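User: I'm new to this structure and would like a close look at a single part, the place where the two domains meet. Could you walk me through it?

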Amino acid sequence: MNSTDTTYYRAWFADYCKTFYYDDPEHQRNIRLKEEHTELVRQNAVLVARGLGLGDDDVALAELAGLFHDVGRFPQYRDHKTFRDSDSVNHAALGAKVLVEQKVLEALPKDDRESIIRAVALHNVFTVPPGVDERALLFLRIVRDADKLDIWRVFIEYFIVNPDERPSAAGLGLPDDPTYSPHILEQLRQREMVRLDDLRTLNDFKLLQLAWIFDLNFAPSLRLLRERNIVGRLAGTLPSTAEISDAITSVNNYVRERSGETR
Ligand SMILES: [Fe+2]
């Protein structure tokens with residue numbers, strides 16, 4: 001990238017979002033949820049990239065990956081009124097398509113453009129496939145960390161607000177009862193990632209969110225996680241049983257170990 005100025009792209013994105021605004025407050029709340037999420041992922045991507053000591057050009061590219069990662073959410077919501085990919089479309093692939101079709105990144109050198117589009121297209125995969133080139137992989141890893149850091153915020157807020165005020169499309173439709181599945185807790189204890197299809201209750205989803213920590217790529221991301229007390233705040237929404245508290249301790253140990261690493 002020849003310029004570190006992202007003003008044009010931020011203005012493009014703000015205008016793009018406005019074309020999806022609704023008069024209806026419930027729909028509008030769902031759109032705003034993604035617009036605000038985007039802004040915070042953009043900021044997180046910059047923080048992680050700076051934490052990695054990247055040069056200004058690469059920090060700007062990381063910022064663009066954050067800014068555009070969820071661009072597909074808006075047409076997804078317009079056409080399907082949901083953010084559940086399994087009930088609609090893959091929003092990451094759709095986002096990459098929007099960037100290509102609307103020639104949003106045309107002013108960037110081809111390599112940079114392709115890296116950002118690749119990072120957008122793959123930001124939501126369960127496991128990053130082999131064969132992604134080094135540059136695309138860097139921005140992909142940054143945006144995956146930046147995204148998780150903000151999804152934790154979104155859900156911590158979601159869990160603590162009055163159910164009537166929750167953005168309707170943010171939920172997963174899982175029962176909010178006091179139970180959780182022993183095998184999900186076991187996966188967390190084994191430091192394994194949990195699959196969405198295996199969830200039975202909202203507490204299982206909270207455990208899945210804690211397991212995401214094992215997928216964070218960079219020490220600066222773990223440091224942001226610690227600064228924001230994400231583990232403590234998520235743990236506070238879970239039932240206080242001895243086995244949950246053991247699992248939380250083990251997660252905290254992992255975070256402490258990895259946040260001390262240099263990269
Ligand atoms: Fe996304």
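Analyst:
**Where the domains meet**

Let's start with one pair: Asp 215 and Lys 148 form a salt bridge, with their closest N and O atoms 3.0 Å apart. (A salt bridge here is a side-chain nitrogen of Lys or Arg within 4 Å of a carboxyl oxygen of Asp or Glu.) Before going further, note that this is a predicted model, where local features need pLDDT of at least 70 and side-chain atom pairs count only at pLDDT 80 or more, while totals for chains, interfaces and linings use all residues. Residues are numbered from 1 along each chain as its sequence is written, and side-chain values use heavy atoms, with hydrogens and water left out.

Now for the two partners. The domain assignment gives domain 1 as 7-149 and domain 2 as 172-259; such bounds come from an automatic or database assignment. Taken over C-alpha atoms, their centres are 25 Å apart. Across the boundary, 14 residues of domain 1 are in contact with 16 residues of domain 2, contact meaning heavy atoms within 4.5 Å.

How much area do the domains bury between them? It's about 1,400 Å², with 65% of it on carbon and sulfur atoms. (Buried area is the accessible area, with a 1.4 Å probe, that two parts lose on being put together, summed over both.) On the domain 1 side, Phe 126, Lys 148 and Leu 149 lose the most area to domain 2, together 46% of what that side buries.

As for polar links, there are two salt bridges between the domains. You'll also find seven residue pairs in polar contact between domain 1 and domain 2, both residues being at pLDDT 80 or more. (A polar contact is a pair of N or O atoms within 3.5 Å; within protein, one must be able to donate a hydrogen and the other to accept it, and residues adjacent in sequence count only if both atoms are side-chain atoms.)

Which elements give two or more residues to the side of domain 1 that touches domain 2? They are helix 2 (25-51) and helix 7 (134-160). Helices are DSSP runs (H or I, at least four residues), numbered from the N terminus. Helix 7 brings the largest share of that side, seven residues. By type, the residues on this side of domain 1 divide into seven nonpolar, two polar and five charged. (Ala, Val, Leu, Ile, Met, Phe, Trp, Tyr, Cys and Pro count as nonpolar, Asp, Glu, Lys and Arg as charged, and the others, Gly among them, as polar.)
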